[in-house]
Each structure stands twice: as structure tokens, then as C-alpha cells.
Amino acid sequence: MIDRFVWEWEWQLPLIGTLAIAELGFVAVWARRTSRGCHERRSSRALALFTAGLLVFALSVMSPIGANDERLLSMHMIEHDLLMWVTAPLLVSGSLALVADGRWLPASLGRSIAFLTHPIVAFTISTVLLWAWHAPAAYGLALANPPVHGVEHLSFLVAYIIFWWPLIAAPFVLGGLQSSAARVGYLLAGAMQSGLLGALLTFATSPWYPHYALVPGATVASALADQRLAGEIMWYSGAIVFALAAALTLRAPVRESVAVAG
Amino acid sequence: MTAAERTVSTTLLAHDRSNGAALRASMAYMVAGLGSVLLMGLLGLLMRLDQAGMLVISPAWFYRVMTLHGSGMIAAVLLAALGGIAAAVSATTPLSARALWIALFVYLMGNGFVIFATLVGGFGGGWTVLYPLPEHGIVWSLQAALAIYAGYFFVALGLLLFCVHMLFAMARAHGSLAKALAWRFLFSLGRDKRDALPRPAELIAVVIAIDGIAAAAAGLIYLVPLFAQASGVITSVDALFAKNFVLLFGHTMANLSIYITAGLVYAALPAYTGRAWPTTWPVAAAWNLIIPLMLLNYSHHLYADFAQPLGLQLLGEIGSYAVALPSFIVTIIGALALIYRSGMRWTVAPILYALGLWGWVFGGLGALLDATIPVNQVMHNTLWVPAHFHTYFVLGALAFALAYLCFILDDLSDISERRGAPTAAWLYGIGGAGFILMFFVSGANSVPRRFAVHLTEWQVYARMAVPFVLLLALSLAWLSWDLATRFGSAWQATRRPFAGQ
């Protein structure tokens, strides 16, 4: 059983192609920026972070975790967690380290990014999308329809790229949170809203998604146990990720750093 | 406002704007802590209304609320106290704002776990989560118990981060831990003054950092076997082991709040009285003694456990008595001597400090009685116990913490306290005293604690307490409003260079 599970990979050629194009595109921009005199170490780190983000994305969707997401809610939850809490911050870290202050972006794109990554907007988008997709009707639709399932994953990724941006972009111009108090408040709000959803799943007395009780070999009781595990995965791993994010993103306040530098 | 209009002595102001980032983090601790106190206080009001028969809450919900109120209050007051002591020492000790913010985040996330475990998960086993009861709850699931444990884990981790940082910062600032504890001065009976002595607040910060690390370690030692059991690695945990460690963790946390806020008296009262409060030999001796004594007195909560070794029971009694003496004699007599004929103006902070000293004395006497084994066997399961710790908290630690926040605002804010604010402080004292007195009377009349449903003949005490609780809530809201209107200006002041420096 475990042997079968471990080797149950789901290779998706269109996805592999898309990820390869994204990596090549990034490498092209990276090579151009590096040749213009960007700091070499920072630049290499950007490439490593972005590549790691794409690899985690591929692993979460095509590995046994993703391959079993329609059989076990707990696997589906791990897949979502990897997209939101590992892939998204890695992609943001990689991109931001390269684009630095964003002055090379077209003005209209810069304004759009600034709007979307405003902390209130970013928090609202990530929260609304996370909760909306976990509504039984939307979740059921995604499980029954592969393209909708793909849109669900993509929207989680985009929503959390937007969520992490204000934290990771703090030293730069676009949408960065400027004070430690604001960063703590933002992280806490993010941890609490996803934690509450995880708690609701953990303590629910009946399965939210009937699909998992109808999988061959499953019962209502096993689906409920799996749902509890899924809720705990979301709640506990989220707490660890947010604590790590706090440790990594809470730096000396920007204004003071600027004052000292000046 | 001119300097002459200030209510505090500018020569004794403590808050260093050059470390504004750490000071802001400390203020955030205080605001988060005191804000949580208000919310937890509302839960307390619900419980008292239920016990008075004026509001009907189902027993399942009563115990959820009781658990959240108890654990939340301990965490909230401790948080405010930690912020206060960090602010007090930030003037002379380079604290890392980053470390303070990270510890705060982890600590608050732990609180989130406890909130969800109780309100969503239905956990109602009390803040003590006495093993094995939580894991065999009928009303709540094992997941709810695990969530409470996870919450405690993060709270303990946040406390540990804070205390480790404080300890290292102090040791670095003074050259060594021994110097930060004034040991050369202490062991030479005050004759050897070669080392620069730490200020009392700094000495207390080191003491509480050491005990805080011990308390957090006890919490983590308690949690590891419980998680191991939940995951099936071990089959059972020794209940007496679990009880000793959870009380060493939780009781010490509650004690820490009280003793840290005592440190805030040393830090602020001199500014209002215009008299210095240096580290004398009795101060150094008293606070060094607190280090071992604070870790011993939890055992008075286990007198009813027949399996507890007699030596630990006696140690609990001796520790409970001994811990009172240095703190009472040195801090309270010292504070009264400082106030006596000082010409101090009775603004909000001094009023709250005076109330806090009063609460410390009466709460301490109640605790001493409860720590006496024959009395404990009669009184420990009555409302006498909530009476003594509510006295410590409402009229002790909370009053001191509020007073210290007032002190920060008196120091930093451009906005003076409003004319009516001292009235709110006095009303706080009256409300608090009446509320607590009814607990003491109930305890003396053997009304049991932790009962969701009270007999009709018990309800009279709760009914008499309700108006005082409402007065307490009203006065706290009034004080909070006054503090909130002055807070923004003080926050901004931490970003500006100080003319006096």
C-alpha cells in the first residue's frame, strides 16, 4: 500500500512545459540583469530561490501528494500548503531579489502591483480566495472538474504571491510593509484566518466534502478522520510557517535603517 | 504642555528614544496585553452573571469561557508585564527590537490556538489542563486538547525567546550574569562596590528572565510526553509528573506577572516622588532570593494529592511563606517610604501604584493562608483561591502594569491625562475591591470554585459582586479611553530624538 503510494507520480507534460518556459524566461531576465552589474551573490540567490519555488510547485502537484489529492483531503491540504506557504514565498523572494526596486517595470504595471500588494488588498484577496475555495460547493466543483481544479491551485498560488509580497518586499519600493508593528499585525492576521479555517475543519463533526467519503474503500468515519488530519495540517503547519516567516521578515524598521544609512 | 506642568520628574525619566524601536515593541506588548485583559474581563463578567443567576450559560459553555478566561488572563497580564519591564530596561540595555517582535508574534499565535481550541473546539478542562482529564473529555475531542497543548507550546516558546534575549542582553550590558545580579555586592554584604550596580528594574529583569526560562522549560518538559502519548509513541504519562510540571509552568507564569510588575514600581515610582530608589543590599538580597523561591511555591496546589512526596509538600509551604517576605518587606516598605511625605501628586499612575501595593498585601495574606496546609485542605477548592489570585492580578499586577503604561505616556506623550482620569483610577480601586471582597466572603462561606451552576444560597455573593464588576469594567473602559487618546503621540515620540539627551 505504502509502496504503491510512494511511486504514484502523476506526470503532466503541459505543466512541465509551462514550468520549463517560466524557468527559461526567468533565466533570460536574470542573465540580462546580471550582465548589467547586479550584485552577483544576490543575483545567484534569486535564481536559486525562483528555481526552488518552481520545483516545489512541480513536486506538490505531480508527486504522490498531488496524485492522491482526490483520494485524501489530507494530501490535498499538504498540496495547497506547499503552494501557498512554500512555493509562493520562494517565487516572490526570487523575483524580488532580482527586480530590486521595480524601477524597470512599466509605470502602469508598477501601479497595479502597488495596488494589489497593498497590505489590506493583499490580505483581503488571500483570505477571500482561501475561504471561498474551501466552501463545500466550490471545493466539490474543483474535485469533479480538472480544469477548475487547476484554476483553484493557480488562484491559491497567485493569492499567496500577493500575500507574501508586502512582507518580503519591505526594503523595496513596491507595497512593502514599513514597520515591525505592521508586519507583526499582518502576519498575525494571516496566521489567524488560515488557523481558524484549519480549526473549523479539525473540529467539524461531519465531513465537509462528500467526495472523500465516496472514494472506494472510504467511509464517512474515515473521511472525517482524514478531514481532522487535514485541518490539523493546515493549522499547525501554518503556525510553523508563519513563525518562520516572522523570524525571517522582521528586521530593523526600514525608516531607522534608512536614517542610519543616511 | 510645559515642563513645569509635567506630573513626573524629568530628571528621573527612563525612556530612551535612541532605542525607540525596542521601546515601540515593548509598548506593543503592553497594548496587546492590556487589550486582551479587557476582552478576558468581559468573559469574567459573563461567568459572574451566570453564577448570580442573572444570565444562563450552559455548563459546557461556562467551562469553555472559564478555561479561556483563566489561561487568557495569565497570558495577557504576563504580556503587559513583559512589555513594561522591557520598556523599563530599554533605557540602559540595548534590547533587540527584532527579538522582541518575534517573541511577541510567537506568543500571540499561541494565544490564537487557545482561543480556537476553547471557542471552536469546545475545550473546557480549565487553564491547568490537568492530565489525564483533558484527553478523556466527553464534551471535546482529543484534537481540542492537542490544540490547547500546541497553544501552550507557542506561548512557552515566546516566553523563552523573550527571557533568553533579556538574559543575554543584561549579561552583555553588565559584563556578566553575576554582575547583572549584583553578586559581588550581595555576597560582600554590601561592602564591595567595585561593580556598577544594576538598577532595581534591571536586577528584576534578570531574575524574571531566569525564572521565565525555568517556567518555559517546565512547560516544554510537560508537553513532550503528552504529544508523544497522543501520537502513540508511549502509552501513558504519570499523572503526578504531569501535574507537577504543568503547575511549575503555569503557576510560575502567574507569579512572574506579579513579580515583573513589582519591578515596574521600582522603575516608575521614583519619577513621581522625586526620590531615587537605588539598588541597596536588601533589594539585591530580596530579589536574588526570589529566583529559587518562585520555583518552589507552586507545590501548595498539590497538598490534596496524597501521592505527592511529603518533602515537596513541606517545600511548597516553606517556599510560599518565604517568597512573600523579601518581596513584601523590601518592595512594599520601600515603596511606602518613597511615597511618605514626598509631595507626590495623585495622578492616575500613583493612584494605581498605591492600589497595587494594597492588592499585593491583601492578595499575599490570602495566599499565605491558602499555603498553610491545614487551611488549604479546607479552603483550596472554594472561591478563596480565586479571591487571592484576583486580588494579586486586578489590584496588583494589572494595576502596576496600567500604571507603568501611564508612566510611559506621562513621559513621552504631548497630551496630558484628562482631569477626570484620576476619578476613573479610584473607581477602578473601588470596583476591584468590592468584586474581590465577594470572592473572599464566598470562599469563607465554602462556596466551591469551578462550579458552573450555583445553588440559590450561593448566588447572593455573586449578585453583590456584579455591580462592582460593572464598575470595574466602566472604570477600565474610561482609563483605556484616556490612555488610547494619548498613545499615538507617545508612539510618535519614540521616533524623535529627545531634547534632554
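# Two helical chains in a predicted model

Student: Among contacts in chain B between residues at least 6 apart in sequence, what share joins residues at least 24 apart?

Tutor: The structure is a predicted model. In chain B, one takes the contacts whose partners are at least 6 residues apart in sequence and asks how many of them link residues at least 24 apart. That share is 84%.

Student: What is the corresponding percentage for chain A?

Tutor: The starting set is again the contacts in chain A with a separation of 6 or more. Within that set, residues 24 or more positions apart account for 75%.

Student: How many helices does chain A have, and how many does chain B have?

Tutor: Chain A contains 0 strands, and chain B likewise has 0 strands. The pattern of chain A, read along the sequence, is α-α-α-α-α-α-α-α-α-α-α-α. The helix counts are 12 for chain A and 15 for chain B.

Student: What radius of gyration does chain B have, and how does it agree with that of a compact globule?

Tutor: The C-alpha trace of chain B spans about 60 × 45 × 40 Å along its principal axes. For 501 residues, a compact globule would have a radius of gyration near 23 Å. The value for chain B agrees with this expectation, since it is 22 Å.

Student: What percentage of residues is buried in chain A, and what percentage in chain B?

Tutor: A residue counts as buried if 20 or more other C-beta atoms lie within 10 Å of its own. Chain A has 262 residues, and chain B has 501. The buried share is 38% in chain A and 57% in chain B.

Student: Which helix gives the most residues to the largest nonpolar core?

Tutor: In soluble globular proteins, nonpolar side chains tend to be buried together. Here the largest nonpolar core has 252 residues, and those with the most contacts inside it are Val77(B), Ile85(B), Leu104(B) and Ala401(B). The element that gives the most to this core, with 22 residues, is helix α13 (residues 384-412) of chain B.

Student: Which residues does Ala401(B) touch, not counting residues up to four places away in sequence?

Tutor: Ala401(B) is one of the residues with the most contacts inside the largest nonpolar core. Leaving out residues up to four places away in sequence, its partners are Met30(B), Leu34(B), Val77(B), Ala80(B), Ala81(B), Gly84(B), Thr261(B) and Leu264(B).

Student: Which element of chain B gives the largest share of the side that touches chain A?

Tutor: The contact takes 22 residues from chain B and 26 residues from chain A. On the side of chain B, the elements giving two or more residues are α1 (20-51), α3 (97-119) and α4 (142-174). The residues of this side divide into 16 nonpolar, 4 polar and 2 charged. The largest share, 11 residues, comes from α3(B).

Student: How far apart are the end C-alpha atoms of α3(B)?

Tutor: Of the 23 residues of α3(B), 21 are buried, so this helix is largely enclosed by the rest of the structure. At 1.5 Å a residue, α3(B) should span 33 Å. The distance between its end C-alpha atoms agrees with that expectation: 33 Å.

Student: Is Leu49(A) buried or partly exposed?

Tutor: Leu49(A) has its place in helix α3 (residues 40-62) of chain A. Its C-alpha atom is 6.5 Å from that of Ser93(A), although the two are 44 residues apart in sequence. Because Leu49(A) has 19 C-beta neighbours inside 10 Å, it counts as partly exposed.

Student: Where is Arg341(B) found, a residue with a positive phi although it is not a glycine?

Tutor: The phi of Arg341(B) is about 55°. With 7 C-beta neighbours inside 10 Å, Arg341(B) counts as exposed. Its position is in the loop between α10 (310-339) and α11 of chain B.

Student: Which element of chain A has the lowest mean pLDDT?

Tutor: Chain A averages a pLDDT of 86, and 85% of its residues score at least 70. Among the elements of chain A, helix α7 (residues 119-133) has the highest mean, 96. Over residues 254-262 of chain A the pLDDT is below 50. The lowest mean, 40, belongs to helix α12 (residues 254-261) of chain A.

Terms used: Residues are numbered from 1 along each chain as its sequence is written. Chains are lettered from A and ligands numbered from 1 in the order in which they are written. This is a predicted model: local features need pLDDT of at least 70, side-chain atom pairs count only at pLDDT 80 or more; totals for chains, interfaces and linings use all residues. Two residues are in contact if their C-beta atoms, placed from the backbone, lie within 7 Å. Helices (H or I, at least four residues) and strands (E, at least two) are DSSP runs, numbered from the N terminus. Ala, Val, Leu, Ile, Met, Phe, Trp, Tyr, Cys and Pro count as nonpolar, Asp, Glu, Lys and Arg as charged, and the others, Gly among them, as polar. The radius of gyration is taken over C-alpha atoms; the globule rule is 2.2 Å times the number of residues to the power 0.38. A residue is buried if 20 or more other C-beta atoms lie within 10 Å of its own, exposed if 12 or fewer, and partly exposed in between; C-beta atoms are placed from the backbone. The expected span of a helix is 1.5 Å times one less than its number of residues. A nonpolar core is a set of buried Ala, Val, Leu, Ile, Met, Phe, Trp, Tyr and Cys residues joined through C-beta atoms within 7 Å. pLDDT is the predictor's confidence in each residue, from 0 to 100.
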